[in-house]
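Colleague: Could you walk me through this one, and tell me what stands behind each term you use?

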Amino acid sequence: MIRNKNNYKEILKNLNNKFGKVNAVLANEYIKVYPETAEEHRDMQKFCREEKIEFYVIRPLSERPFKIVMKGLHRDTDIEEIKFELAIALPEIEILKVGQLKNVRTKSPMDIFMTELKKNGHGNKIFEITQFMFLKIKIQNCRKPPGATQCWNCNMFNHSSENCGFQTRCLKCGEDHRTNQCPITTPQENPKCINCGATGHIASWRHCPLFPKIKPTKGQGENYPKAQREFLASQYRRQENISYSMQT
């Protein structure tokens, strides 16, 4: 997905000159480009980075990791030790990443660890584990909270930092560094949103006019039973306090 700017024709011309005829479709404020092969996909990303073309990548479902959460381990458990023990228990599964979740408000570590596995047809075997590192544990699918994904690199939406080719922007000050590297360590009285430009909130505030709204699925519109809508809303509020994104 390439940012649709005034020079989009020049960008597409350069892509066509480099890679031959490129299949591109206009998608609102972006231009969706469809590479023919995985190699071309990688080469296009490299080209866009070298030419300072802003983009983000939508990874195919087959390439996305299989994510689970492990509950019941001690919160002081070392992540590398978890990866080592998992590799012994399930040698047929490739462990890509293990991260400990934190409470959004208190920033304190929780006894919940999210694990990313490479999809190879053996991932479901991890659910057979009930005892791990001498403790009884529970393993569940990682359920993404409702709402849009917000990138930690550029702080825009619908993609992750791993797939981001935009300029790095700090959530607090808007400078070109990650938010966790910002010298500002105390809450700001009147912050400025780096997305909408308004003062009084930051770009992660869910009521920002540019923060994507949750769209009800089929059957959850105006005629959806009020009790059900309130239940879903309460579930959403509760999940706001817990991040199912790995903290770095």
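Colleague: Which residues does the "domain: CCHC-type" annotation cover?

Modeller: The unreviewed UniProt entry places it on residues 150-166, 169-184 and 192-210. UniProt annotations may be inferred rather than shown by experiment. This is a predicted model, where local features need pLDDT of at least 70, side-chain atom pairs count only at pLDDT 80 or more, and totals for chains, interfaces and linings use all residues. Residues are numbered from 1 along each chain as its sequence is written, and side-chain values use heavy atoms, leaving out hydrogens and water.

Colleague: What percentage of residues 150-166 is helix or strand?

Modeller: Residues 150-166 are 0% helix and 0% strand, where a helix is a DSSP run of H or I of at least four residues and a strand a run of E of at least two. The end C-alpha atoms of that span are 13 Å apart.

Colleague: What makes S2 and S3 a pair?

Modeller: Pairing takes at least two DSSP bridges. S2 and S3 (residues 30-34) have five, in the antiparallel sense, and one partnership joins Val25 to Lys32 in S3. The open sheet has the order S1-S3-S2. S1 (2-3) and S2 (23-27) each have a single partner strand, so they stand at the edges.

Colleague: Why is the space lined by Lys21, Val22, Asn23, Tyr34, Glu36, Glu40 and Met44 called a cavity?

Modeller: Because a cavity is a set of points on a 1 Å grid over the protein atoms alone where a 1.4 Å probe fits but cannot get out, and lining residues have an atom within 4 Å of a point. Its volume is about 30 Å³, counted as the space filled by probe spheres set on the points.

Methods. On a 1 Å grid over the protein atoms alone, a cavity is a set of points where a 1.4 Å probe fits but cannot get out, and a pocket is an open set with protein on both sides within 12 Å along at least five of seven lines; lining residues have an atom within 4 Å of a point.
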